Amino acid sequence: MKNIFFSMVFLLSLLFLLANVNEAAVPCNAVTAKAAGCVGFAMGRDSTPSPACCSGLQQLAETVKTLDDKKAICRCLKGAVKAFPGVKDSSLNKIPGACHINVGFPVSLTINCET
């Protein structure tokens, strides 16, 4: 009987932990979908970020609740940008200002998302 009790406590603890981990992280597919409108500007094809770019990033900014959320979004975007070898660092750096979003750090291809 004690083994069943401890097994249930362990299982419930694990489920609680997993629920909290999933709650803190922002899904990468949602991040990349919201940032997709920024590709043209980031690659230098568009002179300004599109309205879809800015509204998507604004929506992302509104989802950030914790530092872990910010790090998760950063990791997703850093991974996604690898699919677009023509992305220019100078263009990436301009997106937050052009979209009137304060991210609190300089945006670049070489950013360390963990700091």
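Here are some notes on this structure for someone meeting it for the first time.

1. Before anything else, keep in mind that this is a predicted model. The chain has 115 residues, and buried ones make up 26% of them.

2. The overall layout is quick to describe. The secondary structure comes to six helices and zero strands, so to speak a plain run of α-α-α-α-α-α along the sequence.

3. Now for the pocket. The largest one has a volume of about 760 Å³. Its lining is made of 30 residues, and those closest to the centre are Ala-35, Leu-57, Ile-73, Leu-77 and Val-107. Helices α2 (28–35), α3 (39–42), α4 (51–63), α5 (67–80) and α6 (89–98) are the elements that each give two or more residues to this lining.

4. What is that lining made of, by class? There are 25 nonpolar residues in it, along with three polar and two charged ones. If you want one helix to look at here, pick α5: the largest share of the lining, six residues, comes from it.

5. Staying with α5, this helix has 14 residues and reaches 20 Å from its first C-alpha to its last, close to the 20 Å expected at 1.5 Å a residue. Thr-66 caps the N-terminal end of α5, with a side-chain oxygen 3.3 Å from the backbone nitrogen of Asp-68.

6. Which residues of α5 are buried? They are Asp-69, Lys-71, Ala-72, Ile-73, Cys-74 and Cys-76. Note that Ile-73 turns up again here: it is buried in α5, and it is also among the residues closest to the pocket centre. As a reminder when you look at the helix, an α-helix has 3.6 residues a turn, so residues three or four places apart point the same way.

7. On to the cysteines. The count comes to four disulfides. With bonded cysteines counted along the chain, the pattern is 1-6, 2-3, 4-7, 5-8. In general terms, a disulfide is a covalent bond between the sulfur atoms of two cysteines. Three of these links are worth a visit, and they follow below.

8. Cys-38 and Cys-53 form a disulfide with their sulfur atoms 2.0 Å apart. This pair links distant parts of the chain, 15 residues apart: Cys-38 sits in the loop between α2 and α3, and Cys-53 in helix α4. The torsion about the S-S bond of Cys-38 and Cys-53 is about 95°, so this disulfide is right-handed. Both Cys-38 and Cys-53 are buried.

9. Right beside Cys-53 in the sequence numbering comes Cys-54, which a disulfide joins to Cys-99, S to S 2.0 Å. Here the linked parts are 45 residues apart, with Cys-54 in helix α4 and Cys-99 in the segment after α6. The link of Cys-54 and Cys-99 is left-handed, with -70° about the S-S bond. Are these two cysteines, Cys-54 and Cys-99, buried or exposed? Both are buried.

10. Last, back to α5. Cys-74 forms a disulfide with Cys-113, and their sulfur atoms are 2.0 Å apart. Because Cys-74 lies in helix α5 and Cys-113 in the segment after α6, the pair ties together parts that are 39 residues apart in sequence. The torsion about the S-S bond of Cys-74 and Cys-113 is about -70°, so the disulfide is left-handed. Cys-74 and Cys-113 are both buried.

Definitions and conventions: Residues numbered from 1 in each chain as written. Predicted model: local features only at pLDDT ≥ 70, side-chain atom pairs only at ≥ 80, totals over all residues. Heavy atoms only, no water. 1 Å grid on protein atoms, 1.4 Å probe; cavity = no way out; pocket = protein on both sides within 12 Å on 5 of 7 lines; lining within 4 Å. Points joined across faces, edges and corners; volume = space filled by probe spheres on them. Helix = DSSP H or I, 4+ residues; strand = E, 2+ residues; numbered from the N terminus. Nonpolar A, V, L, I, M, F, W, Y, C, P; charged D, E, K, R; others polar. Disulfide = S-S within 2.5 Å. Buried < 20%, exposed > 50% of the residue type's maximum accessible area, 1.4 Å probe, protein only. Expected span 1.5 Å × (residues − 1). Polar contact = N/O pair within 3.5 Å; in protein donor to acceptor, adjacent residues only side chain to side chain.
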